[in-house]
Amino acid sequence: MDRSWISNPDRISAEYVAGVNQFLQIARETVDATGCTLCPCKNCINRVRRHIGEIKRHLLHQGFLSTYTVWVEHDEVDYSEEPAHEACAEEMEEAFHDATRDHYFDIGSTSDMLSPEQPAGSERYDNLFEQLQTPLYDVLNKWTDRSFDMLIKLLQEVLPPGNRCPDSYYSTRKMLCDVGLGYEQIDLCKYDCSLFYGEYSTDQDCHVCGTSRYIRKKIPHKRLRYFPITPRLKRLYSSKSTATLMRWHKEGRVVEPGVLRHPADGEAWQNFDLLNENFASDPRSIRLGLASDGFNPFGNMSTTYSMWPVVLIPYNLPPWKIAAKTNYLLSLLIPGSKSPTKDFDVFLRPLIDELKVLWNVGTDCFDAHEGKRFKLFAYVIWTVSDFPAYAYLSGWSTQGKLACLVCLEDTRHMSIRGKQCYMGHRCFLEADHPWRNRKDFDGTVEVRPPPRRFESSRILAQLDAISPRQPGKAPSNLSRKRKRLSSELNWLKKSILFKLPYWSSLKLRHNLDVMHIEKNVCDNIVGTLMDIEGKTKDTLKARMDLKDLV
């Protein structure tokens, strides 16, 4: 279909107007419940949903997006992409063959799938056509287990005898589990005290608070979904393409002094390699980042529910592959309705147990790139989170006077009108920097050096001095709101991550995610510069704070 009118600069010409009307006729078929659909004008670029009349005004005044010649966002099929889909299907089939070392798709000749002797009016196919005419239950945009079983039975009847088609939905799920796509369900105490896992897997009551495991008739209060990571790490080497990319950090990365393009260029990665030469000698050993954050799965922000996924990211890959969502490994799905807070360690135990095995023992793995087996090891290089999750994972409270996990007791803080502020940033400047002597910032001259770097031995000594705390939110738990001693600083607990043999030797254990920092800082700066009501920081209280500083 000729769509040269899209690039026509004369937006009042008959050709352009006719083209816009043609598009609107197709777009009307894709409106949502509010009567809106995506607007392809040069300003909205298919990112904003608008009413049809408003879209027409935009297209006539601002112009049509010149690159949008195939209207895929408005349910038009791009037939030019068919060869690409075929190539993608071939790559997926090849990768699956590499992973399983078996030809599941080889079903032989298909010329005898339908027998010519089969009578057309047989009772067998009459019943089948009757089922095809029956609506698939009261389900919208979903697929019931029973309907899937019906489809499986239909395929078995059509395919030749002796085919390998699964006979039920259960068999299909079992086959996916064999390839490492399954998960484990672990019952959880009502008050997040403990998991019914390991030596406590058969208990009927929580061994910490004594609460019953079940609500009624084997229905647990909560369930943790745990996705074992070992099978998925092994699958990274079952395809030749990904097995090659997993060596990129060692064999494909360009090392340039002073340039940070990849975590392997950082000091934390290189320091770990120096301390663990056996691990670092094999480029196939996997470095993982652990990230977590809470979200509301219902999408209704008025509903207070917080679910916490724990995701692992393999850093062996090149930067453009690390950021791909397909390479994220979901390991835990922590149920709500409240955030885990200080009890985060309770949920991490299955993952920590598997990570200890991957470090101490490793696992046998097949390398499709070299065509031979090897011993695969893995470790967590650091965590990535926002500020609240930073406290849950590290065990150091991010509230109060000593909120910084890096500076610990050396955190520079001051109280301004009842709230804690963290000043003293000029201490990181050179000793002879002129800004150190200026009083314009907070009315003082900065003479202090940068905060100390605490050795692992000192941090472990502080953690060993913490009083033991009972996990969970049970009403009978007296340590739930226990006041910390002054000697405990801001430590809430000793994180379960310290059970990993290498964790205390890491140079950088926790990271704050860039997204939250960039968003908050940019929002505050833009809101203040543009004087946006409700977002500007130039308020009466801020002016009074500045007055107190000087």
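Modeller: Buried means under 20% relative accessible area, exposed means over 50%, and partly exposed is in between (1.4 Å probe, protein chains only). What you have here is a predicted model, where local features need pLDDT of at least 70 and side-chain atom pairs count only at pLDDT 80 or more, while totals for chains, interfaces and linings use all residues. Residues are numbered from 1 along each chain as its sequence is written, and side-chain values use heavy atoms, with hydrogens and water left out.

Colleague: OK, let's try that out. Why is Asp364 called partly exposed?

Modeller: Asp364 has a relative accessible area of 43%. That value falls between the two cut-offs, so partly exposed is the right label for Asp364.

Colleague: What makes the pair of Lys375 and Asp364 a salt bridge?

Modeller: The rule asks for a side-chain nitrogen of Lys or Arg within 4 Å of a carboxyl oxygen of Asp or Glu. In this pair the closest N and O atoms are 3.3 Å apart, so the rule is met. Lys375 sits in strand E11 (residues 372-376) and Asp364 in strand E10 (residues 363-367), so the bridge links parts of the chain 11 residues apart. Strands here are DSSP runs of E with at least two residues, helices are runs of H or I with at least four, and both are numbered from the N terminus. There's also a network: Arg247, Glu251, Asp282, Arg284, Asp367, Glu370 and Lys372 are joined by salt bridges that share partners.

Colleague: How many salt bridges does a search of the whole structure find?

Modeller: It turns up 32. One of them is Asp32 with Arg49, at 3.1 Å between the closest N and O atoms. Asp32 belongs to the loop between helix H1 (14-27) and E1, while Arg49 belongs to strand E2, 17 residues apart. Asp32 has 30% relative accessible area and Arg49 has 40%; set against the cut-offs, Asp32 is therefore partly exposed, and so is Arg49. Glu54 and Arg50 also meet in a salt bridge, at 3.1 Å from N to O.

Colleague: How do you know that Trp308 and Phe344 are edge-to-face?

Modeller: Rings of Phe, Tyr and Trp (its six-membered ring) pair if their centres lie within 6.5 Å; planes under 30 degrees apart are stacked, over 60 edge-to-face, and the rest tilted. The search of the whole structure finds 26 aromatic pairs. For Trp308 and Phe344 the centres are 5.9 Å apart and the planes 80 degrees, so they pass as a pair and earn the edge-to-face name. Trp308 is in strand E8 (residues 308-314) and Phe344 in helix H13 (residues 344-360), so the pair ties together parts 36 residues apart in sequence.

Colleague: Why are Trp308 and Phe344 both called buried?

Modeller: Trp308 has 6% relative accessible area and Phe344 has 1%. Each value is below the buried cut-off, so the label fits the two of them. Ring pairs also make a cluster of Trp5, Tyr16, Phe23, Phe64, Tyr68 and Trp71.

Colleague: What makes phi of Asn46 stand out in a residue other than glycine?

Modeller: Phi is near 65 degrees there, a positive value. Asn46 is in the loop between strand E1 (36-38) and strand E2 (49-51), and at 14% relative accessible area it's buried. Thr341 also has positive phi, near 45 degrees; Thr341 lies in the loop between E9 and H13. Ser337 is in the loop between strand E9 (329-334) and H13 too, and a cis peptide bond, with omega about 15 degrees, joins Gly336 to Ser337.

Colleague: What is the mean pLDDT of the protein chain?

Modeller: The mean is 83, and 86% of the residues reach 70 or more; pLDDT is the predictor's confidence in each residue, from 0 to 100. Over residues 81-89 it drops below 50, and beyond near neighbours in sequence that stretch has zero contacts in the model (a contact is heavy atoms within 4.5 Å). Residues 99-122 are also below 50, with 22 such contacts.

Colleague: How many helices and strands are in the protein chain?

Modeller: There are 17 helices and 15 strands. Of the 550 residues, 38% count as buried.
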